[in-house]
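Here is a quick tour of a two-chain story, starting with one helix and working outwards. Have a look at the model before reading on.

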Amino acid sequence: MTAPRGLPFAILRHVLLGIGAVFMLAPFVWMLSLSLKPADEIFTTDLRLLPQRWDAVRNYSEAFRKVPLHRYLLNGAIVTATIFSLQVLVALPAAYALAKLRFGLAKPLFALVLFGLLIPGHVPAIPHYIMLSSAGLLDSYAALVFPSMISVFGIFWIRQFFKTVPDDLIHAARLDGLSEFAIVWRIMLPTAAPALVAFGIVSVVFHWNDYFWPLLVVTSPDMAMPALGTVYLRNTEAGTDYGPLMAGTVIITAPLVIAFLVAQRRFIEGMTLTGIKG
Amino acid sequence: MSTLALPAEAAASTARRPARRVRQEALAAYALAAPAAIMLLGILLLPTAATVLLSFTDWQFGAATLNWIGLGNYEKLAADRVFWRSLANTLLYVAVVVPASVFLGLGVAMLIEAGGSGRTFYRAAYFLPVTATLIAMATVWEIMLHPSVGLINLAFDAVGLGKHNWLKDPALALPALAVIGIWQALGLNMVLFLAGLKSIPRDLYEAAAIDGAENWWDRFTTVTWPMLGPATLFVLVITAIRSFQVFDTVAVLTEGGPNKATDVLLYTMYQEGFGFFRAGYGASITVVFLVFVLILTLVKARVMEKRVHYA
C-alpha cells in the first residue's frame, strides 16, 4: 500500500506469509517426498524430506503397473480438448450473433443464457444419465463429453468480449464481401483469442479435475478421467502402499501444476473468471 | 410476434438500412445462434426441468412405471433424519469454509501487497491448490491425516496436542474436510482481493494520512475496508456457492461417515439417486440443492449490481 514501513514489519510480513505458504505447499512437498520413499521409510515417525534409500523407480513404475495411468492422462487430454473445441464451436457463433447482430429473439435468448448460468452442472445429472443410458452410450467418451458440449458461461463470456470489439471491424469485413459465417471464423475467432485462452483454462482445469460426472458414467477401468483414475489407483491397495499411490497422484496433478507454473499470469486471470460462473 | 419484431424495425429505421439487409442479418443471426439455442434447451434447461418433474414422481432407475406422487418425496425428505443431518452438515461446512477462506484470503492479499519482495512466489504458492486436481490432493491429505504416521499427527504430537484419528472421529471429520476446503479455496479469494486492492487509488491513502490516519489499522478502517466492501461481499457469495457444492473430498475420504457426520447434500443425492437408484427421491434432493444455490446466486446478482455503482 503506502508509507514504507520499517524492517520489523518486513520481517513480520515474511514470517506470516512464510508460515501460510508452508501450510499451502506442504501437501505438494509431502506428495513428492513420499513418492520417492520405500514403504518402511513412509511408515515411520522420523520426519525426513528426502529418502535415505531412493525408491522412486519402483514407486512410479508400480503406479503405472497397477492402473493404466497413461490412459487416464490420454483420456483427460482427449476429453478436455473435445469439450473445449465443441464449446467454442457452439458458443462463438452464438456469442457473435448476440453481441453484434439484430434479430427478434436476441433478448429472450440472452435471458435464457443468463438463466442457464444459475444452474450448477449437478442439477441435470439424473436426466443426463437416463438419456445416455437409454441411448446405450454410458461408459464412453460421448458420455463424458455430452453434458459439457454447451457452456453457457462460454457464450456469456465471449459475448461480453465481442461487445468491446468495434463495429467498424465487422463493417469493413462486410464491405469486403465476407458472409456472416466467414466473419465469425475468419475475423471474430482470431479477435477473441485472449478471451478464448482464459475460457480454455477454466474449461480444461474444470473437466480435468471433475470427479462427479465421470464417477456416474464410467464403469470400465480404461475409461476413467484423471480424477477418477486416482481413486481407482487408491482402491487397488487396501490403502497401505503409499509410495506408488503418491507417485500416481504426482503424475495426475503434474500437467496442470506445470502449466500453471509456466503461465501463472494467464492461469490466475482465467481462474478468476470462475467467479462469474460460480 | 409483432412486439418481438419492433426493436429490429426501430433500429433499422435509425440506421436507414434497407429491409432486405435487415432480414438477411436476422436470418444469419438465427443460423449462427441455432446450435447454441437448441443445446441450451436440450442439454441444460429441459433436463433441469425434467429433474424438477422427476422429483414429483416415485420413479426408480430401470423401473417400467412411474407414478405422480405430488409432494410425496418432499414429505419424505422432511421426515428423513439423514437428509436433515446432511443439510445441517452442508450449512456447517459452508459456515466454516466461507469466512475462514475469505478473511485468510484478504489477509494474505494485504500482506503480499504491503511489501515488495517475494510477491510472485507467495502468489504462486497460495494459488497452487486452486488448479491442482482436488481428488488427487485429497488422497495426499488423507495420508497427512493418517492416525499414526501422518504429517499432521506428527506435528500435533510434537507440540503436545496428541494424535487424532481425524477422518474416523465424528467430531473431527467435518472440521478436517473444512480445513481441506479452506486450503483449496483460499488462493482464488486471495487473487480476487489482490485485484480489488490494486484498484484502490493511492491518493486515498495520502488523503487519509493528511487527515491523521497514522498506523496501518487507521488506513485499513478508513480506506481499505470501505473500498473493498463490495468486492468482499462478492467473494463471500461466490465462495459460499462453491463450498455448497462440496462433494469430492466427502466421496473419497469419508463416504459421508463416520456415522453420517460428513454427509453433505450432493453426496446424499449421489447415494439416493445412483447408489440406491431412487431417481425421484434423488431428484427432490437435487431440487433442494438448486434452491439454495439459486438464493445465493440472486444475492450475488444484487451484489454485482451494487459493485457497478461503486466502480
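Which residues of α5(A) are buried?

## One helix, two faces

Keep in mind that this is a predicted model. In it, the buried residues of α5(A) are A:A106, A:L109, A:V113 and A:G116. They sit on the same side of the helix, because the arc they cover around the axis is only 90 degrees. Flip to the other side of α5(A) and you find A:K107, A:P108 and A:A111, which are exposed.

So what lies over the buried residues of α5(A)? The cover includes α4 (69-100) and α8 (152-163) of chain A, and chain B joins in with α2 (19-54).

The length of α5 checks out too. This helix of chain A runs over residues 106-117, and its 12 residues should span 16 Å at 1.5 Å a residue. The C-alpha atoms at its ends are 17 Å apart, so the two figures agree.

## Where the chains meet

Now for the contact between the chains: 82 residues of chain A are in contact with 82 residues of chain B. On the chain A side, helix α1 (residues 7-35) supplies the largest share, with 15 residues. As for chemistry, that side of chain A breaks down into 61 nonpolar, 17 polar and 4 charged residues.

## Chain B in two parts

Chain B has its own division to look at. The domain assignment gives domain 1 as 2-54 and domain 2 as 72-310. Between the C-alpha centres of these two domains of chain B there are 39 Å.

Notes. Residues are numbered from 1 along each chain as its sequence is written. Chains are lettered from A and ligands numbered from 1 in the order in which they are written. This is a predicted model: local features need pLDDT of at least 70, side-chain atom pairs count only at pLDDT 80 or more; totals for chains, interfaces and linings use all residues. Domain bounds come from an automatic or database domain assignment. Two residues are in contact if their C-beta atoms, placed from the backbone, lie within 7 Å. Helices (H or I, at least four residues) and strands (E, at least two) are DSSP runs, numbered from the N terminus. Ala, Val, Leu, Ile, Met, Phe, Trp, Tyr, Cys and Pro count as nonpolar, Asp, Glu, Lys and Arg as charged, and the others, Gly among them, as polar. The expected span of a helix is 1.5 Å times one less than its number of residues. A residue is buried if 20 or more other C-beta atoms lie within 10 Å of its own, exposed if 12 or fewer, and partly exposed in between; C-beta atoms are placed from the backbone. The arc is that of the directions from the helix axis to the C-beta atoms.
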